[in-house]
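I set out to record what can be read from this model, entry by entry. The protein surfaces beside the nucleic acid come before the interior.

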There are 2 protein chains.
Amino acid sequence: MRTLELSIGDVAERAGIAASALRFYEKEGLIHSNRSDGGQRRYHRDVLRLVAFIRAAQRVGLTLDEIRGALATLPEGHVPHAADWTRLSKSWRPLLDQRIEEMQRLRDRLDSCIGCGCLSLKTCALSNPNDIAAEDGPGARWLIVAED
Amino acid sequence: MRTLELSIGDVAERAGIAASALRFYEKEGLIHSNRSDGGQRRYHRDVLRLVAFIRAAQRVGLTLDEIRGALATLPEGHVPHAADWTRLSKSWRPLLDQRIEEMQRLRDRLDSCIGCGCLSLKTCALSNPNDIAAEDGPGARWLIVAED
DNA sequence: GTAAGACTTAAACTTCACTTTAAGTCAAGC
DNA sequence: GCTTGACTTAAAGTGAAGTTTAAGTCTTAC
């Protein structure tokens, strides 16, 4: 249908997202709809790009809260245009880089741990979330955890 | 204290995890404790390594359910020894590799999207979760999403 | 004009991995 | 022996991102 007004079902199908999610996004203030005479939601097709934006941001690892924040930086709260999109996606890149690095560090540690079979609470990078291992205390002790 | 029996507070402090989490792990069947005469939990020091194991597995991205599964492959349900640890961590490596590759693909797409400012629902890798973009349908259409 | 199917709402439910709460018991130092 | 702080339980709460449900209303195709 070549109407300007899309029903929630239309948007759901074309965006590949459940109708319930669209209602949820609306409740969360991420998207907007008008109503038909009968009270049903009618969407402008711009909402499709907006949903694409939201999903892209989610893939990058942003929460809906952060996405709402990003949307707030857009002039007039409108759908991002090329320049906005460029700005926002550039700002995401360091975040992505950081997450990749973290994963790679974890993988490298996994490799070295395969060799040593250690599993130390204090120093094994696999059990240390922040990679700040051995920041303080009685020096590195790999291998067995408890020998207090 | 150099006792063989650790209280829940001892374990919590040494493992760097909340006591409530230890009770939760026990309820979930991931760890085990004995009881003192007065009914308080008393832990063998092996539980420290077990907790280290659980946290390492979580960092790799496994759910507690999957970790329980991994623990079930251990003989007698005991704390993993070097050989077990090697086997398990080797089995995690492909998972980690895959997650890293995914992130890298996403980053590369982000870069190309910065250039084009597209944000297409159907083909933009940023909004497509499975990287199966353009699997079917009317050929690639980058740029604007809706021109039906 | 009517039947089918798409839509409406608020509220409750889901999953994951815990944490918090409340009311009470145990252990240890002085 | 008593106070303090660590411990016990079950049940409810948290937060993220929605989904499901129930009961009812709209829209569309025939």
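Entry 1, residue classes. For the tallies below I counted Ala, Val, Leu, Ile, Met, Phe, Trp, Tyr, Cys and Pro as nonpolar, Asp, Glu, Lys and Arg as charged, and the others, Gly among them, as polar. I note at the outset that the model is predicted.

Entry 2, DNA strand C. I looked up the residues around this strand and found 21, the closest being Ser7(A), Gly9(A), Arg41(A), Ser20(B) and Gly38(B). I then asked which elements give two or more residues to this surface. They are α1 (8-15) and α2 (19-27) from chain A, with α2 (19-27) and α4 (64-72) from chain B. The greatest contribution, three residues, is that of α2(B). Sorted by class, the surface near DNA strand C holds eleven polar, six nonpolar and four charged residues.

Entry 3, DNA strand D. Here I also found 21 surrounding residues, with Ser20(A), Gly38(A), Thr63(A), Gly9(B) and Arg41(B) the closest. At least two residues each come from α2 and α4 (64-72) of chain A and from α1 (8-15) and α2 of chain B. In this case α2(A) supplies the largest share, three residues. The class tally for the surface near DNA strand D is eleven polar, six nonpolar and four charged.

Entry 4, chain A overall. I counted five helices and two strands in chain A, and their order from the N terminus is α-α-β-β-α-α-α. Chain A has 148 residues, of which 32% count as buried. Among its contacts with a separation of 6 or more, 43% join residues 24 or more positions apart.

Entry 5, the core. Which residues touch the most other members of the largest nonpolar core? I found Val51(A) and Val51(B), in a core of 52 residues. Neighbours within four places in sequence aside, Val51(A) is in contact with Ala15(A), Ile17(A) and Ile31(A). As background, I noted that nonpolar side chains tend to be buried together in soluble globular proteins.

Entry 6, helix α3 of chain A. I checked the length of this helix, residues 46-60, against expectation. The expected span is 1.5 Å times one less than the number of residues, so 15 residues should span 21 Å, and the end C-alpha atoms are indeed 21 Å apart. I recorded 13 of the 15 residues of α3(A) as buried, so the helix is mostly covered, a residue being buried if 20 or more other C-beta atoms lie within 10 Å of its own. Just after α3(A), Gly61(A) adopts a positive phi of about 115°.

Technical notes. Residues are numbered from 1 along each chain as its sequence is written. Chains are lettered from A and ligands numbered from 1 in the order in which they are written. This is a predicted model: local features need pLDDT of at least 70, side-chain atom pairs count only at pLDDT 80 or more; totals for chains, interfaces and linings use all residues. A residue is near a molecule or strand if its C-beta atom, placed from the backbone, lies within 6 Å of it. A residue is buried if 20 or more other C-beta atoms lie within 10 Å of its own, exposed if 12 or fewer, and partly exposed in between; C-beta atoms are placed from the backbone. Two residues are in contact if their C-beta atoms, placed from the backbone, lie within 7 Å. A nonpolar core is a set of buried Ala, Val, Leu, Ile, Met, Phe, Trp, Tyr and Cys residues joined through C-beta atoms within 7 Å.
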